[in-house]
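Colleague: Please take a close look at one part of this model for me, the place where the two chains meet. Then follow the side-chain pairs outward from there.

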Amino acid sequence: LSVPPEVPKEDSRPKWDNKFQYILSCIGFAVGLGNMWRFPYLCQIHGGGAFLIPYFIALLFEGIPLLHLELALGQCLRKGSIRAWNTISPYLGGVGVGSWMVSVLVSLYYNTVLTWVMWYFINSFQEPLPWSMCPLNKNRTGFNEECYRSTAVNYFWYRKTLNITPDVTESGTLQWWLILCLAACWAIVYLCTIRGIETTGKAIYVTATFPYLVLTIFLIHGLTLPGATDGLAYLFTPNLNTLKNPRVWLDAATQIFFSLSLAFGGLIAFSSYNSPKNDCEKDAVTVAIVNSMTSLYASIPVFSVLGFKATTGYWDCLDRNIISIINEFDLPEESIMRENYTAWISFLNSSHPEKIAGLKLKSCDLQEFLDQSVSGTGLAFIIFTQAIILMPGSQAWAILFFIMLFSLGLSSMFGNIEGVFTPLLELRIISKSIRKELLSGIICLISFLIALCFTLGSGSYWIDIFDSYAGTVPLLVIAFFEVIGVAYVYKIKRFSKDVKWMTGRKPNLYWQITWRFISPLLLLIVFLAFVTLQIQKSPSYAAWNPKYEGFPMKEEKAYPPWVLAICALLAVLPCAFVPLVALFHLIKQLCRSKDPSFVQPEVFSCQGANS
Amino acid sequence: YAWDANEEYLFKAMMAFAMRRYSSKSMTQISNVLLCNVTDRVSFWFVVTDSSKNVTTVPGSEVEAAIRMNRNRINSAFLLSDKTLQFVKITSTLSPPVEPSTPVWLIVFGVVLCLILAGIVCLVVAGIHQRKKKNKESTERENLEEKCEVTITVENGIPCEALDLKAGHINGVFAADDERFTSL
């Protein structure tokens, strides 16, 4: 009689269909909106090509080692972040809970940014584009005042999309159009994550590759636009003097760290679905390099378009001046062109200075237009949309641009949701009774209801708060404890043996040094510098207030105390889990050690679980 | 095109036309429109005289109103637009933007939402279907295993029920040849 062999437990864990899916998911998670609208901005303000030096140093000593660590951890332990860290050491369980908490907070507000992208996308099907013209005021004698004083693009963003309130304390009302788009976005996220990686794995083929296609199209088109070379020269001209400013190094380190989406728990979740015998070292290097190359690749079309926009603005300024001069002096048409404008101005200034002064000509400087640098949502929804109006065939460009932004954000959302979903699936309270579809539905529904807060009038101020406080400091803390935990609690020797078992070769000297010393040290320095800088300047925000005297400039306001308390809570809560859980286990251990029948659980090893 | 005396003539004609359409009393002739101070910029001042009232000029407000009424005809006569043909102190009225009855974005949104909901329903139904099939398979396997546990007798790896013991083949070598054995 032969007894059929027992089915091993690992087979019930879902798997990636193929290696490409896994790599694409990690790349999609890492490559997000920040690659497009934060990296080019940092390059621009920190001395162009010179910024690449601290950026690549940070990549080498911080980004790649941490990435390898997380991928190897997930692959070895084959569990989500909470249970993985519990397995490494019960005292480190707080690290897993902290990263789960951060994933929850980030998922909430990240999808609202996608809501804005979707709103712009569905508005791009109109001719002419709604943000190209100001609406008329009530008695049709002129344009709407708020729109007239700022620009049509600003008006559409601040009034028609956000319906923003002048102050963070004024909540305003729920914007129904944003609620509809938010529901659609969460429905899309639910559709793609309904069965975990079975469904995201299929969706990622589209969402991770499509942005590259659109970026290429924009690259080709952008390079043909007038003024593109000015923009690119401005971006890449290195100014090595900026490297003396420590702020530049800090920004490079934080950019690498946040760009690779470390410490979210999502990467651990992704690699936990791998087969253990997989070369995680090569994967880590691949993902990190692709992420950085994408940032560079994306900055080229962004800056071509910005250069185009600056050049067009400069030409408009010149043309307006030329018209007023021609009208004033009754010169024939086309006597003054852009090329001989400066010659004419100096001639007229010498011959009729009072007349020229009376005209109140605005000084047109191309550098000034190029210097108007914006990052974040302002880049996408204000600057880029303005540039798109100037291109022929603007509907098509707008549609392409917003689909690209949407897929960039969606692939990052998959990672965030996996970071929430996988640990929940493994909690003993939940697991067997609830179906995957139901759990993901509950997560999406609850997140949708909470995210309704961000559709209020003051929603975008709150998103800035979440982005600056929940998405920054806790990640640094959690990553620090991750490296320390693996290097000094789990011990690097054991970890190296595990990695050798998985990849077939021992991690070389570079990994040993970075894991043991350089990365923790670098993280500590970055964390301290970051916190110091944050504390030094009192937190304030820029409010859009039509009644402000300096309108259309934004009004600088300080956060009221209760908002500051929420900021502090957002930053501290995920980090607080680390000591809290350690304390909890310490107390449990002390109580248990008094019980003589208690047996110490055996030491865990990566190979032991899978042999 | 170049601005010459013929264009000036056309301009005078258009002004006369505008005054005739506006005031309807008019006997305004081309000779009533006078141009002066013509510059190379192509800018000039003009007045419209009224021949019936002792060669006085028509008040500016009337001329302005006449031009405002016929602005698009004047523009198209010169193949120009409001921006390129400018009358000082006459601002163009703004045309309201075209607003369709249902905003376009709602239509697009409806399409997108329908697609998403269709996808979700498909996936959920497919999931339930798959689960039912798996459940049926696992209950069948369970039943078979139960039966096997009770009466499992295996002959050379084949369960006995599969062998039909009643219908067998008689092996001719062993069974048929009784005469082989010598009788005692």
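Modeller: Chain B and chain A bury about 2,500 Å² between them. Of that area, 74% is on carbon and sulfur atoms. Keep in mind that this is a predicted model. The contact involves 26 residues of chain B and 33 residues of chain A.

Start with the chain B side. Helix α4 of chain B, residues 104-150, gives the largest share of the side that touches chain A, with 16 residues. By residue class, the touching side of chain B has 17 nonpolar, six polar and three charged residues.

Now the polar links across the boundary. Two residue pairs are in polar contact between chain B and chain A, both at pLDDT 80 or more. The count of salt bridges between the two chains is one. Its partners are B:Arg131 and A:Glu437, with 3.4 Å from N to O. Side chains of opposite charge can pair when their charged atoms come close. A:Glu437 also belongs to a wider group: salt bridges that share partners join A:Arg195, A:Glu437 and B:Arg131 into one network.

Next, the salt bridges elsewhere. Over all chains, the structure holds 12 of them. One joins the side chains of A:Asp167 and A:Lys557, at 3.0 Å from N to O. This pair links distant parts of chain A, with the two positions 390 residues apart. A:Asp167 sits in the loop between α8 (152-161) and α9 (176-193) of chain A, while A:Lys557 sits in strand β2, residues 555-558. Both A:Asp167 and A:Lys557 are buried.

Another salt bridge joins A:Glu198 and A:Lys436, at 3.4 Å from N to O. A:Glu198 is in helix α10 of chain A (residues 197-224) and A:Lys436 is in helix α20 of chain A (residues 436-451), so this pair ties together parts that are 238 residues apart in sequence. A:Glu198 is partly exposed, at 34% relative accessible area. A:Lys436 is partly exposed too, at 23%.

A further salt bridge pairs A:Arg505 with A:Glu281, again with N to O at 3.4 Å. A:Arg505 lies in the loop between α23 (492-503) and α24 (509-536) of chain A. A:Glu281 lies in helix α14 of chain A, residues 280-329. The two positions are 224 residues apart, and the pair links distant parts of the chain. Here the partners fall into separate exposure classes. A:Arg505 has a relative accessible area of 36%, so this residue counts as partly exposed. A:Glu281 has 12%, so this residue counts as buried.

Aromatic rings come next. The structure holds 48 aromatic pairs over all chains. A pair of aromatic rings is described by the distance of the centres and the angle of the planes. Take A:Tyr120 and A:Trp157: their ring centres are 6.1 Å apart and their planes are at 50 degrees, so the pair is tilted. A:Tyr120 lies in helix α6 of chain A (residues 93-122) and A:Trp157 in helix α8 of chain A, so the pair ties together parts that are 37 residues apart in sequence. Both A:Tyr120 and A:Trp157 are buried.

A:Trp157 also pairs with A:Phe381. That pair is stacked, with 4.6 Å centre to centre and 15 degrees between the planes. A:Phe381 belongs to helix α18 of chain A (residues 377-390) and A:Trp157 to helix α8, so this pair ties together parts 224 residues apart in sequence. A:Trp157 is buried, with a relative accessible area of 3%. A:Phe381 is at 0% relative accessibility and counts as buried.

Finally, back to chain B as a whole. Its secondary structure comes to five helices and five strands. From the N terminus on, the order is α-β-β-β-α-α-α-β-β-α. Chain B has 184 residues, and buried residues make up 21% of them. Among contacts in chain B with a separation of 6 or more, 37% join residues 24 or more positions apart.

One residue of chain B gives a local view. B:Asn75 is in helix α3 of chain B, residues 71-77. B:Asn75 is buried, with a relative accessible area of 7%. Leaving aside neighbours within four places in sequence, B:Asn75 is in contact with B:Leu80, B:Ser81, B:Asp82 and B:Leu85.

Key
Residues numbered from 1 in each chain as written. Chains lettered and ligands numbered in written order. Predicted model: local features only at pLDDT ≥ 70, side-chain atom pairs only at ≥ 80, totals over all residues. Heavy atoms only, no water. Contact = heavy atoms within 4.5 Å. Buried area = accessible area lost by both parts, 1.4 Å probe. Salt bridge = Lys/Arg side-chain N within 4 Å of Asp/Glu carboxyl O. Polar contact = N/O pair within 3.5 Å; in protein donor to acceptor, adjacent residues only side chain to side chain. Helix = DSSP H or I, 4+ residues; strand = E, 2+ residues; numbered from the N terminus. Nonpolar A, V, L, I, M, F, W, Y, C, P; charged D, E, K, R; others polar. Buried < 20%, exposed > 50% of the residue type's maximum accessible area, 1.4 Å probe, protein only. Phe/Tyr/Trp six-rings, centres within 6.5 Å; stacked < 30°, edge-to-face > 60°.
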